[in-house]
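Please open the model in a viewer and keep the sequence panel visible. The tour below proceeds by selection, one stop after another.

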Amino acid sequence: MTRDLAPLTKTAVVAAVAGICGAVAGIALPVVPMPPPIDHHAILETFARVQFAVSTFNLVLLAALVVAYVRLYRGLPNKYTLSLLLTSVALFLYALSSNPLVPMAFGFPPITGLGPFTFLPNFFVGVAVVVLFYQSQT
């Protein structure tokens with residue numbers, strides 16, 4: 001016999017388990033692998049330009065999506081349209097924080113792979129996934 005949990009409880013349990021798994025994985029990693037030093041400045045510049053182009057593309061599309069979902073929520077305020085809005089906002093923040101110019105705007109060096117912009121994009125994706133998971137339970 002299975003016991004059905006309330007959607008919020010089930011979402012909290014799954015998010016907590018995922019958080020514990022993430023924390024254990026972060027602690028269990030014996031050494032953070034560092035990429036070998038690259039002397040080719042042009043390669044890094046090309047990667048940064050591509051990342052900037054892709055994240056800007058996503059940012060513009062997600063901004064339009066957020067506006068569309070705000071209009072939809074105003075006309076049809078319910079938990080489903082709110083979930084769509086929250087998910088699109090989280091993905092918008094993901095696209096914003098993955099843009100290579102954002103760390104530089106906050107004083108972090110570009111393309112180091114370290115600092116808060118290493119994990120912020122994945123945090124925002126996690127928020128979006130939690131919202132989607134919760135919504136799928138209700």
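Is Val13 buried, partly exposed or exposed? Select Val13 to begin: Val13 is partly exposed, its relative accessible area being 41%. On this scale, buried means under 20% relative accessible area, exposed means over 50%, and partly exposed lies in between (1.4 Å probe, protein chains only).

This is a predicted model, in which local features need pLDDT of at least 70 and side-chain atom pairs count only at pLDDT 80 or more, while totals for chains, interfaces and linings use all residues. Residues are numbered from 1 along each chain as its sequence is written, and side-chain values use heavy atoms, with hydrogens and water left out.

**The whole chain**

Display the protein chain as a cartoon: five helices and zero strands appear, in the order α-α-α-α-α along the sequence. Helices (H or I, at least four residues) and strands (E, at least two) are DSSP runs, numbered from the N terminus. Of the 138 residues in the protein chain, 18% are buried. The accessible surface of the protein chain is about 9900 Å², and carbon and sulfur atoms account for 75% of this surface; such areas come from the Shrake-Rupley method with a 1.4 Å probe, and for residues only the protein chains shown count as cover.

**Helix 1**

Select residues 7-28, which form helix 1 and include Val13. Thr11 also lies in helix 1, but Thr11 is buried, at 7% relative accessibility. Show the side chain of Thr11 as sticks: this side chain reaches the backbone oxygen of Pro7 at 2.8 Å, a polar contact (N or O atoms within 3.5 Å; within protein, one must be able to donate a hydrogen and the other to accept it, and residues adjacent in sequence count only if both atoms are side-chain atoms).

**Helix 3**

Move next to residues 79-97, helix 3, where Ser88 is found. Ser88 is buried, with 1% relative accessible area. Leaving aside residues up to four places away in sequence, Ser88 touches Leu62, Leu65, Val66 and Tyr69; a contact means heavy atoms within 4.5 Å.

Thr87 is in helix 3 too, and its relative accessibility of 9% makes Thr87 buried. With the same sequence neighbours set aside, Thr87 touches Ala128, Val131 and Leu132. Draw a distance between the C-alpha atoms of Thr87 and Ala128: the separation is 4.6 Å, although the two residues are 41 apart along the chain.
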